[in-house]
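User: I would like a close look at one part of this model, explained step by step. Please keep the wording plain and say where each piece belongs in the chain.

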Amino acid sequence: MKNWKITGLIATLIIVLSVPAYLLKEKYFRRPTVSRPVATFVGNKKCMDCHRAEYDKWQNSHHDNAMDVASDATVLGDFDNAVVEFHGVTTRFYRKDDKFFTSTQGPDGKIGDFEITHTFGWYPLQQYLVPFPGGRLQCLPIAWDVKEKKWYHLYPNDTIDPKDWLYWTNGAQNWNGMCAECHSTNLKKNYNIQSDAYQTTWSEIDVSCEACHGPGSRHVEWAELPDMARPQTANYELVVKAKGMNSREQVELCAPCHSRRAILGDYTHAEPDLLDSMLPSLLTPELYFAEGQILEEVYVYGSFTQSKMYRRNVRCSDCHDVHSIKKVKEGNALCLQCHRASIYDTKAHHFHKRKGEKGEPIKSAEGKVLFEVGTGAECVQCHMPERPYMVIDYRADHSFRIPRPDLSIKLGSPNACNRCHVDKTDQWSDEYITKWYGPGRRAHYGMIIDEGRNRSPVAHQNLIKLAADPLYPVIVRSTALSLLAAYSGKETSRAYELALMDDEALIRRTAVDHINVSDPKRQTAILTSMLYDTVKSVRIEAARRMTELADPQLDDAQKLVFQSSLDEYQKSMEYSADFAFGRYNLANLYVALKQPQRAVESYLAAIKIDNLFYPAKVNLAMLYNQTGKNDKAEILLREVATSHPEMYEVQYSLGLLLAEEKKYAEAANYLKQAAKGLPKRARIHYNLGLLLQHLKQDSDAEASLLKAQELEPDNLDYLYALADFYLKRNKLKKARSIAQEMVARHPTQRIGRDMLNIIEKDLETLSN
């Protein structure tokens with residue numbers, strides 16, 4: 001431990017002077033590959049003869065019913081002229097010539113008739129797809145509740161405008177980009193950025209055998225040989241292992257669908273690393289509570305990889321049959337495969353009544369039964385609490401956490417106790433937990449994540465330690481790294497440099513995304529080394545970051561690697577160009593490459609896709625400002641400032657722009673809002689002080705300039721502005737005091753001495 005700092009320095013030097021060690025390991029110790037025919041998809045009928053038991057389990061499973069052509073056999077909803085009304089809109093579901101139709105509000109807000117061609121999902125709800133021009137399939141906002149046998153609206157509390165991205169004929173409900181890849185086999189999105197159209201294809205409409213096992217043509221050829229003629233071969237000529245997977249391999253096989261993620265391209269099953277095809281979302285405030293519990297729909301992977309189960313090599317198939325998707329055992333028996341019944345399936349552990357024991361069920365304030373007697377004795381109720389998505393689809397948190405009402409008190413996050421005991425407080429639950437299990441709770445990373453989200457000064461060192469600690473889940477460490485971006489300085493830079501050497505691609509990628517050392521040459525050397533990373537998401541992020549460098553000095557070989565990785569990045573963003581973020585990232589790339597017209601076109605395309613996507617508006621406004629189109633910039637910034645008044649950076653930018661346009665009074669109002677929202681930003685107070693001077697609001701101007709100088713006492717600009725303010729108002733003693741501070745703090749700068757000489761002469765004149 002005492003040599004840790006020396007080791008860290010050596011590791012840092014290796015980054016700059018050489019290709020990282022894990023890359024050399026890949027290069028020199030990877031087995032040579034043998035050229036084989038490319039495997040193709042053959043369909044499940046080629047599998048069923050040899051794998052009948054697995055095929056029978058798969059039939060009628062959720063995967064089998066993930067998507068289908070609308071027919072009498074597949075449609076579950078009531079299409080017998082069923083009429084429903086939601087948000088003042090009357091919708092009718094009916095049949096015509098053996099086809100399925102709906103009469104509802106269309107893309108222009110007017111009532112129209114639309115044919116339903118496909119079903120989507122099976123239980124607990126079923127959605128329906130409507131074809132539109134450009135190869136699009138769109139999900140209706142009204143779905144069928146399979147359990148209650150009724151139609152319901154997916155946004156029961158929101159009236160969504162037809163221009164909104166969330167509206168059913170727009171991008172958020174587009175099957176091709178939002179849903180398709182996880183509901184069909186061998187899905188190719190085939191989005192054309194020039195025509196803004198899709199030619200989406202699949203080999204099988206549902207999630208079939210090859211969705212998990214990969215293209216099976218070589219395996220079928222091998223299997224069709226006579227028994228004695230089959231050569232010994234790795235993995236029976238399958239692209240994906242059928243047997244012998246370790247827990248991580250199996251979990252990552254499921255992750256391309258069962259995770260919240262950004263997609264880098266069509267999934268081929270041949271990617272060596274998970275992050276070659278996708279980028280898992282971190283524990284962001286929009287998706288997770290601070291301590292990692294699921295907030296929005298995150299599809300299991302991000303929560304499961306936080307769990308002790310995952311660290312102990314538990315895998316999906318330990319609980320779920322991989323072909324039927326059903327649980328391998330019911331009730332507590334599922335957990336008792338590993339956990340001792342004599343310890344954990346007892347009242348001494350869970351302190352709740354079992355089913356059949358006398359007691360009152362838990363009811364809502366309206367008297368509805370929420371939980372029956374015996375529910376609390378079920379392991380999953382305490383360790384896998386559920387949250388509803390799409391209104392009625394309850395998904396369990398797979399982080400298998402111990403209930404922590406104490407964290408609910410500190411962080412405002414939910415806990416399993418109050419999920420049932422809705423009439424009780426978090427304090428009540430914490431008292432019982434303490435009574436049952438004793439006082440004292442382990443420190444939890446959620447406290448550090450929460451501090452980091454709130455940019456607390458005490459979080460800095462804690463985030464550094466959390467990011468570097470291999471005992472914590474990778475997603476947690478990566479989240480800590482991302483939060484470190486709010487804390488500049490040498491220690492943060494060093495934490496990022498050490499993270500670049502980590503074995504985990506997600507940690508390296510997060511470090512590449514945020515690293516920003518003060519020395520441009522060192523920054524170039526670090527990012528250049530990461531262009532050689534074996535994992536796609538890491539090297540393309542390194543290439544993107546390098547476009548931010550003014551003049552990277554690369555040799556010819558490095559230029560080739562850089563251009564190759566940059567091309568990969570651009571193709572990945574073009575793959576997602578049907579989303580606002582894809583066009584936005586392309587626009588940022590074009591700005592960096594000094595292609596302003598292409599950048600403008602891409603920003604406008606992002607805004608067209610989602611008019612509420614404010615990052616595109618803000619960056620386009622900045623680009624307009626740089627090219628002298630302040631009128632257009634002002635319109636965009638006003639839109640964002642109005643819709644997002646909490647975005648004080650935008651208020652600041654708009655204030656500066658209005659000042660540039662000589663709209664001083666209005667500019668001051670926006671700068672005041674920015675200064676109030678970002679009270680520690682000295683530059684905002686400085687600019688506000690200068691503007692208030694011009695408006696002859698001397699008292700407020702002085703207060704703003706003093707605040708700027710208080711926040712950054714060494715800043716020569718702020719000292720000069722304050723001295724000049726006092727000098728012009730003939731407050732010479734105050735001016736002299738500030739000028740003396742200028743000289744003391746910046747002895748090599750002539751401006752302080754000149755200012756002091758002027759003030760001394762004025763004082764001498766007054767005294768005479």
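How many bridges join S3 to S4, and do the two strands run parallel or antiparallel?

Analyst: The model is a predicted one. Five bridges join S3 to S4, and the two strands run antiparallel. This pair belongs to an open sheet of four strands, whose order is S2-S3-S4-S5, with antiparallel pairing. At the edges of the sheet are strand S2, residues 82-86, and strand S5, residues 111-116, each of which pairs on one side only. From one strand to the next, the twist averages 20 degrees.

It helps to cross the sheet pair by pair. Strand S3 covers residues 89-96, and S2 pairs with S3 in the antiparallel sense over five bridges. One position to look at here is Val83, whose bridge partner in S3 is Arg92.

The next pair is the one you asked about. Lys96 stands opposite Lys99, a residue of S4. S3 and S4 form a hairpin with two residues between the strands, and there Asp97 takes a positive phi near 55 degrees.

Strand S4 itself spans residues 99-105. S4 is mostly covered, with five of its seven residues buried. On to the last pair: S4 and S5 are joined in the antiparallel sense over six bridges. Within this pair, Phe100 stands opposite Ile116 of S5. S4 and S5 also form a hairpin, this one with five residues between the strands. In that turn, Gly109 has a positive phi of about 85 degrees.

The surroundings can be described through the nonpolar cores. The largest nonpolar core of the model has 127 residues, and those with the most contacts inside it are Leu463, Tyr603 and Ile759. A second, separate core has 20 residues, and Ile116 is included in it along with Phe79, Leu140 and Val146. The strand residue Ile116, which Phe100 stands opposite, is therefore part of this second core, not the largest one.

For the largest core, Leu463 can serve as an example. Leaving aside its neighbours within four places in sequence, Leu463 is in contact with Ile448, Gly452, Ala480, Leu483, Leu484 and Tyr487.

For contrast with the strands, consider a helix elsewhere in the chain. Helix H32 has 14 residues, 698-711. At 1.5 Å a residue, H32 should span 20 Å, and its end C-alpha atoms are 20 Å apart, which agrees. The buried residues of H32 are Ala701, Glu702, Ser704, Leu705, Ala708 and Gln709. Seen down the axis of H32, they fall within an arc of 165 degrees, so the buried residues line one face of the helix. On the other side of H32, Ser699 and Glu710 are exposed. The cover over the buried residues of H32 includes helix H31 (682-694), H33 and helix H34 (732-745).

One residue of that cover helix can be followed further: Asn687 is found in H31. Asn687 has a relative accessible area of 18% and counts as buried, because the cut-off for buried is under 20%. Not counting residues up to four places away in sequence, Asn687 touches Tyr652, Leu656 and Leu671.

To return to your question, S3 and S4 are antiparallel strands joined by five bridges, and they are placed between S2 and S5 in the order of the sheet.

Methods: Residues numbered from 1 in each chain as written. Predicted model: local features only at pLDDT ≥ 70, side-chain atom pairs only at ≥ 80, totals over all residues. Heavy atoms only, no water. Core = buried A, V, L, I, M, F, W, Y, C linked by side-chain atoms within 4.5 Å. Buried < 20%, exposed > 50% of the residue type's maximum accessible area, 1.4 Å probe, protein only. Contact = heavy atoms within 4.5 Å. Pairing = 2+ DSSP bridges. Axes fitted to C-alpha atoms, helices over the stretch in contact; angles between N-to-C directions. Expected span 1.5 Å × (residues − 1). Arc of directions from axis to C-beta.
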